[in-house]
Amino acid sequence: LRAASGKLAALWNGGKANVTPASADALNYAAKNDLPLYYDDVTKSPAARAAGSITDEIPWFGSGKSREAQAAAAERHARDVTAGFQTGSGGRTGDVLRDSAEAQLGRARGIKNKLYSDAFTALNQAGEIDAPKMLAVATQIAQQEAARGSLADQGLIKQLSDFAGAPKFNFEQWHQARAQLGDLIKSGRSGENAVLGSRATSQLGTIKRALDSDLTDAASQIGGGAGKAWKRADAFYRDQMPKYKRGVVADLLRSNNPDAIAERMLGGADREGISRSVYGALTKEGRAEVRGALMQKALSGALSPDRPFSPARFAGELDKMGNRIGVFFKPADKKMIEGAANYMEHVKRAGQYMENPPTGKRGAQALGGVAALANPALAVKALTGSAAITQLFRSRAGRDLLLRLGSVSPQSKAAQHYAQQLNGLLTRTAAAQATQPKSSGRRPMPLDPATRLRTGTGPRG
């Protein structure tokens, strides 16, 4: 048995069982978190992976218990990882996020108002200033509109004339005029209650942009500390305030169903710009709520009342987080989540085993298929030693020895050394098995005649 298993290991490894980078990461993650990860989960050898599947399919080999233990460990770890991000707020996610956004908006308004107040105090000392670009654009558009005769928009002409005839203002008063233009544009876009038509609001937008340019020019001409104060205030407004006026954050603040908007944040498009906009619009507590909700969503996707925990589904749900992981989670947490997803992907066969437990009939059919792997007689002889195959594939010592054996040339002294260690491991396993109480005498389920013929175990003529 030792010789057969050693030859089988050498045949399946053959110097090509070095693991992939992802499998190496999974091995490190499993070791760090004391999680089971087996040889046939990580090896690149197709024959060895197939053999592991076959032993799982044969109930009387007993290796399925290792899959059961692995599935339980994976579920326990997924729950532990998820629990580590829960806030314990007790509130509905949508309500918590809306309260967080409202609090953050209040803070942003306070900062914005303070920055503008400081800027206006300094800039107003320059006295009254002109807005030449705005006045020129308003006059030109008013003349063009009047030239349309009976088709002219009289409401637009009145608004344009008011701005074109405005007196000189100080900097703050011109900024108030800019805000007035913004209100007019907003009212012109409010559907049936619109004060102005879409063409008129577009023209007013042109004037507003001209006034923006005038304000920027004036601040630059005034210069000094006043000019810098304006740049700080204007930059803060443009960077922080728009997300509260439009997009998913604005929808959250206005919605009567914040849970639906929260679901869009958690499960909708994961473009990094959207994630960063949401992140910046929430308080520290709101960001923590998002992290907890994302992890709970992933765990829920891997659980179901009518099926066991699925490591593959959990890995898939974590992958769906996309850019949210890099935005909402710290680098160390991001690395841990990616490690968990990689581990779950490697142990997906444990979930498949639990969802579809083996039967004796399917196990016999699986064993019959061993003939396609390599030398049929050798494979059957090795696989019939259930303790040996379990010790080789499903123990950390056996796994590591097989991986080392697969990393060296079969003809090298290192290969001979590892093979001796494998034989020693199997000898100790056989000795331990011999000291265990004997079974009730029930023999393993016999193979059906067709399978016996395929595998060469039937009577010879």
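Reader: Which residues touch the most other members of the largest nonpolar core?

Author: In this predicted model, Met-295, Phe-314, Phe-329 and Tyr-343 do, within a core of 63 residues. Helix α16 (residues 284-302) gives the largest share of this core, seven residues.

Reader: What makes Phe-314 a contact of Met-295?

Author: Contact means heavy atoms within 4.5 Å, and Phe-314 meets that with Met-295. Leaving aside neighbours within four places in sequence, the partners of Phe-314 also include Ala-78, Thr-82, Phe-309 and Met-344.

Reader: Which residues belong to a second core?

Author: A separate core of 31 residues includes Phe-163, Leu-211, Leu-215 and Ala-229. These four count as core members because a nonpolar core takes buried residues of kinds such as Phe, Leu and Ala, joined through side-chain atoms within 4.5 Å.

Reader: How do you know how α17 and α19 are placed?

Author: Two packed helices are described by the angle between their axes and the distance between the axes. For helix α17 (residues 311-320) and helix α19 (residues 331-346), the axes come within 8 Å and cross at roughly 145°. This crossing is left-handed.

Reader: Which residues make that contact?

Author: From α17 come Pro-311, Ala-312, Phe-314, Ala-315 and Leu-318, and from α19 come Ile-337, Ala-341, Met-344 and Glu-345.

Reader: Why is one residue of this contact called charged?

Author: Glu counts as charged, so Glu-345 of α19 is the charged one. The contact also has eight nonpolar residues and no polar ones.

Reader: How many helices and strands does the protein have?

Author: The protein has 26 helices and zero strands, and 43% of its 461 residues count as buried.

Conventions. Residues are numbered from 1 along each chain as its sequence is written. This is a predicted model: local features need pLDDT of at least 70, side-chain atom pairs count only at pLDDT 80 or more; totals for chains, interfaces and linings use all residues. Side-chain values use heavy atoms; hydrogens and water are left out. Helices (H or I, at least four residues) and strands (E, at least two) are DSSP runs, numbered from the N terminus. Buried means under 20% relative accessible area, exposed over 50%, partly exposed in between (1.4 Å probe, protein chains only). Axes are lines fitted to C-alpha atoms, for helices over the stretch in contact, and angles run from 0 to 180 degrees between N-to-C directions. A crossing is left-handed if the near helix is turned anticlockwise from the far one by less than a right angle, and right-handed if clockwise.
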